[in-house]
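Subject: Structure for you to look at

Hello,

Here is the structure I promised. Please open it first, then read my notes below.

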2 protein chains.
Amino acid sequence: MRKKDGVFIGVDLGGTNIEAAAVQGGQILASKKVKTKAKKGAKGVIKRVEKVSRTVMKRLDAQPDDFKALCIGAPGAVVLETGVVSSAPNLDWEDVPLAAKLKDRLGIPVFVDNDVNIGVAGEHAYGAGSGVEDMVGIFVGTGIGGGVIINGNMYYGSRGAAGEIGHMVVVPNGRACGCGKRGCVEAYASKTAMLKVIQEQLAQGRKSVLAEMVDQSSLVLPSSQIAEALDAGDELMTEVLREAQFYLALLTANLVNILDPDVIVFGGGLVEQLGDPFLQPIRETAREYYLQQTDAEKIRILPSLLGDDAGTIGAAVVAQQRLRLT
Amino acid sequence: MRKKDGVFIGVDLGGTNIEAAAVQGGQILASKKVKTKAKKGAKGVIKRVEKVSRTVMKRLDAQPDDFKALCIGAPGAVVLETGVVSSAPNLDWEDVPLAAKLKDRLGIPVFVDNDVNIGVAGEHAYGAGSGVEDMVGIFVGTGIGGGVIINGNMYYGSRGAAGEIGHMVVVPNGRACGCGKRGCVEAYASKTAMLKVIQEQLAQGRKSVLAEMVDQSSLVLPSSQIAEALDAGDELMTEVLREAQFYLALLTANLVNILDPDVIVFGGGLVEQLGDPFLQPIRETAREYYLQQTDAEKIRILPSLLGDDAGTIGAAVVAQQRLRLT
């Protein structure tokens with residue numbers, strides 16, 4: 001019996017922060033967060049991942065080989081089999097062999113997955129989707145990411161590209177999306193999309209409390225500012241949010257008609273900020289678009305439960321699952 | 001060892017015909033087709049199903065209890081667990097306990113499933129999707145039906161309502177669909193949708209060879225007439241078909257971005273009539289909308305192989321699968 005049996009190291013690698021945690025059965029035993037410092041390049045960032053992971057291990061009075069595996073969530077496209085991060089724009093990475101490099105440094109099995117998949121795995125194992133067979137996770141942020149759980153397992157598809165629900169086209173030849181196509185849900189319901197509409201409206205002289213928070217050069221719309229404008233009863237913000245909710249409802253209904261899941265979990269900063277009231281109009285509108293109305297209430301549309309911890313807890317879940325498959 | 005081990009009875013129950021077949025390993029050993037005569041009511045139709053099934057059995061010199069199971073595909077919504085057809089508009093059926101009634105008559109296990117699911121199961125086992133893990137079937141007819149295969153098995157979802165891909169909304173507040181909602185793919189790409197556009201254009205005085213085949217009271221647009229008009233180089237038919245193909249391409253791309261399947265199989269009378277050339281523009285346009293372009297060619301978009309036999313062969317496949325689960 002190994003010393004830390006059942007404890008896995010989960011790492012959430014973001015463009016801004018790296019957080020590592022030792023996780024057992026969905027509980028964080030120890031954790032540490034540091035800045036990513038992406039400008040140091042892949043080698044520098046990987047060193048920082050090693051360091052923060054070792055710090056967490058030491059807090060449990062343990063060494064790397066006391067743990068059976070580590071899993072790290074990366075903000076981009078990942079080749080699951082090799083653990084290579086093929087592209088992560090926020091880190092300015094291309095084809096970085098993250099798993100191999102970390103394994104060399106730590107001497108234990110290392111798995112890599114996309115950060116959204118990992119968040120969905122966490123919510124499925126210990127969060128809002130705990131115990132269900134079939135689930136879809138929808139993460140609303142600067143983009144719209146997603147992940148699909150089928151028969152209790154993360155579903156990757158034939159090329160590992162499943163779950164890209166933010167790029168479902170819902171308006172033929174519609175708004176330009178960051179992905180280069182037109183009419184994707186992400187171009188209507190992400191925070192980036194909301195910001196663009198707000199900037200256009202402000203440029204046209206629309207009155208709004210947002211004028212004090214946003215200017216034409218703003219690149220992000222913090223969830224806290226969205227909440228502040230809504231609290232102030234701002235008409236523009238209310239309109240823009242309602243539009244986003246409408247498209248998220250269409251996305252939800254389209255997913256229900258294809259996958260008929262037990263649960264759809266909404267996560268991301270905006271959902272955490274606004275909570276369940278953000279989901280209520282989505283639930284109501286989505287349901288109108290379900291083809292099968294029988295037992296419509298059985299499909300639960302829920303806010304995420306793990307919040308920021310979904311990254312590390314989810315990574316630990318994936319570490320355990322992937323280890324079982326090797 | 002039973003006499004007909006490995007041979008299952010598959011029945012395709014449609015609004016017009018009932019076809020029964022004895023199937024072994026994807027091969028039809030004997031089959032018979034009769035008119036449904038839906039006007040006789042559920043009891044009359046069930047009697048006819050019994051009779052045609054017994055005829056097929058006799059052709060193999062066998063009795064019902066020489067077979068381990070029968071499965072029947074019904075044109076409507078089915079409760080899988082009970083084998084009740086909850087609604088089949090073409091038969092004017094509501095809550096008909098089809099499995100129980102047939103079991104009483106034949107004395108062997110009887111399973112019921114939706115006809116589209118059964119066609120998809122057949123194409124997956126012995127047709128265009130043979131041997132793949134993940135597949136989506138798209139059947140284009142008077143409506144647009146579908147089915148999803150995940151990890152080699154038919155995927156039903158939490159309420160048995162998965163695969164209703166024809167009701168994916170792709171135009172917010174768009175054309176009215178037969179389902180009562182607006183903007184579904186079915187309202188743009190089914191034969192019913194094509195017919196409506198043709199009727200509108202003819203009413204506006206548009207010149208077309210279709211004027212000789214279609215009038216304002218037509219309820220169906222036979223695939224053979226579509227082919228005839230295309231062969232004549234008819235401009236209206238070409239336009240209408242191109243629009244349908246565009247929406248089928250969006251549907252395909254949306255399914256690829258969510259499910260990343262190995263294969264998407266297109267079936268139904270129109271696809272059989274027009275063959276692979278019908279799919280080529282769908283392939284090309286869909287691919288432009290894939291989020292992940294890497295290995296895009298790995299996702300194969302194929303016409304169905306089994307044609308009319310998908311119903312009976314698929315039913316036999318489902319009989320075998322369901323028997324294994326009981």
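A nonpolar core is a set of buried Ala, Val, Leu, Ile, Met, Phe, Trp, Tyr and Cys residues joined through C-beta atoms within 7 Å. Keep in mind that this is a predicted model.

The largest nonpolar core has 225 residues. Four of them touch the most other members: A:Leu70, A:Ile72, B:Leu70 and B:Ile72. Take B:Ile72. Leaving aside neighbours within four places in sequence, B:Ile72 is in contact with eight residues, listed here: B:Val11, B:Leu13, B:Val49, B:Leu98, B:Leu102, B:Val110, B:Val112 and B:Ala315. In soluble globular proteins, nonpolar side chains tend to be buried together.

Now the two chains. A turn of 180° and a shift of 0.0 Å along the axis lay chain B on chain A, with an RMSD of 0.0 Å. That is how a two-fold axis relates copies. In chain B, the C-alpha of B:Val170 is nearest the axis, 2.2 Å from it. Both copies use the same surface: 100% of the contact residues of chain B recur in chain A.

How many residues does each chain give to the contact? Chain B gives 34 residues, and chain A gives 34 residues. On the side of chain B, helix α7 (residues 235-259) supplies the largest share, 6 residues. That side divides into 19 nonpolar, 7 polar and 8 charged residues.

Last, helix α3 of chain B, residues 115-126. Its 12 residues reach 16 Å from first C-alpha to last, close to the 16 Å expected. Is α3(B) enclosed or open? 12 of its 12 residues are buried, so α3(B) is largely enclosed by the rest of the structure. Among them are B:Asp115, B:Glu123 and B:His124.

Best wishes

Definitions and conventions:
Residues numbered from 1 in each chain as written. Chains lettered and ligands numbered in written order. Predicted model: local features only at pLDDT ≥ 70, side-chain atom pairs only at ≥ 80, totals over all residues. Least-squares fit on C-alpha atoms with pLDDT ≥ 70 in both. Contact = placed C-beta atoms within 7 Å. Buried ≥ 20, exposed ≤ 12 C-beta atoms within 10 Å, placed from the backbone. Helix = DSSP H or I, 4+ residues; strand = E, 2+ residues; numbered from the N terminus. Nonpolar A, V, L, I, M, F, W, Y, C, P; charged D, E, K, R; others polar. Expected span 1.5 Å × (residues − 1).
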